[in-house]
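Here's a quick briefing to read with the model open in your viewer. It takes the aromatic side chains first, then moves on to a pocket.

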Amino acid sequence: MLNAMHHAVQAAANALRAARRIAVLTGAGISAESGLRTFRSAAAPDLPPDMQALWKEFDPQTLATPEAFAANPDLVTRWYDWRRIGCLAAEPNAGHLALAELERGLVQSDGSYTLLTQNVDRLHQRAGSRNVVELHGTIIVWRCTRCGEETEPAPEPMTEFPPRAPCCRDPRALLRPDVVWFGEALPDCALRAASDAAESCDVFMSIGTSSMVYPAAAFVLQAAANGARTVEINPDPTPISPRMDWSIRAKAGDALPRIVELMRTG
Ligand code: APR
């Protein structure tokens, strides 16, 4: 690691080791090393040819809306089911695993840890993270459009599009992914948990997010305003980079294991 980066990694590890209350926000970037594409990258090299065409035709953000689902539930549910299968096939990477280890160490020493994620892939939970707040819901669970009942579809591609909801006899009752679409409100409980964490943490880490989508991008600034030290891990600069105590230009899978090791060894 370059000297400047090494200094930032060491300083961040020192602040995290001294912290009693840590909050973390993650975005699509922490799952990039698990093979899952991010939202604002230009191409999607990991897509099969038929989905490449679909991806080229549609900006994902035009599919992730209630309007798109109402207009074309077949297309939207096919796209989400394809992404769901991709998430189930992906494995947590070193960045996910390092965060789970950080949480275990802090909780064992009676500290408090909150992981806020914008990701819907549940790789944090599969890596062993416990206190995870899914700000944008999850693609692994789907819910009935009529009664709201949730179901976890089998870990194989769906065969019916749009999928009918098994809980309601009404043929218009469909299953939709339990994610927060553009224009929809984040779950109240998630917002409260995120705000409480930002208010009370000693250190707030922002990892693998372009920090362009609100309210998620505001929590690190709320934490800073409350006196928390702030760390960013992202290979690219973001709008919040200049306001971080330490902005580490690295991949999450490289920087996080190093930080956790330095927290352990001093
Ligand atoms: N490690 C860390 N960061 C990475 C890595 C990596 N290996 N690879 C890419 N990144 C960074 C990119 O530089 C980018 O800044 O991850 C960020 C991903 O940004 P986005 O694609 O905008 O994803 P995210 O910030 O999670 O988007 C927020 O927008 O589309 C909505 O609901 C969707 O939750 C998503 C929200």
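Trp79 is buried in this predicted model, because its relative accessible area is 1%, under the 20% cut-off. Its partner Tyr80 counts as buried too, at 3% relative accessibility. The two rings pair up edge-to-face, 5.0 Å centre to centre with 75 degrees between the planes.

**Aromatic pairs and cluster**
- Searching the whole structure turns up three aromatic pairs.
- One of them is Phe69 with Trp181, a tilted pair at 5.3 Å between centres and 40 degrees between planes.
- That pair ties together distant parts of the chain, 112 residues apart: Phe69 is in helix α5 (residues 66–71), while Trp181 is in the loop between β6 (175–179) and α9 (188–200).
- Both Phe69 and Trp181 are buried.
- Put Phe69, Trp79, Tyr80 and Trp181 together and you have one aromatic cluster.

**Charges over the rings**
- Arg83 has its charged end over the ring of Trp79, 4.9 Å from the centre.
- Over the face of Trp181 you'll find Arg176, at 3.8 Å from the ring centre.

**Second largest pocket**
- The volume of the second largest pocket is about 210 Å³.
- Its lining includes Leu16, Arg17, Glu101, Leu102, Met263 and Arg264.
- Elements giving two or more residues to that lining are α1 (3–18), α7 (94–108) and α11 (252–265).
- α7 contributes the most, with four residues.
- By character, the lining splits into six nonpolar, two polar and four charged residues.

Methods
Residues numbered from 1 in each chain as written. Predicted model: local features only at pLDDT ≥ 70, side-chain atom pairs only at ≥ 80, totals over all residues. Heavy atoms only, no water. 1 Å grid on protein atoms, 1.4 Å probe; cavity = no way out; pocket = protein on both sides within 12 Å on 5 of 7 lines; lining within 4 Å. Points joined across faces, edges and corners; volume = space filled by probe spheres on them. Nonpolar A, V, L, I, M, F, W, Y, C, P; charged D, E, K, R; others polar. Phe/Tyr/Trp six-rings, centres within 6.5 Å; stacked < 30°, edge-to-face > 60°. Buried < 20%, exposed > 50% of the residue type's maximum accessible area, 1.4 Å probe, protein only. Lys NZ or Arg CZ within 6 Å of the ring centre and 35° of its normal.
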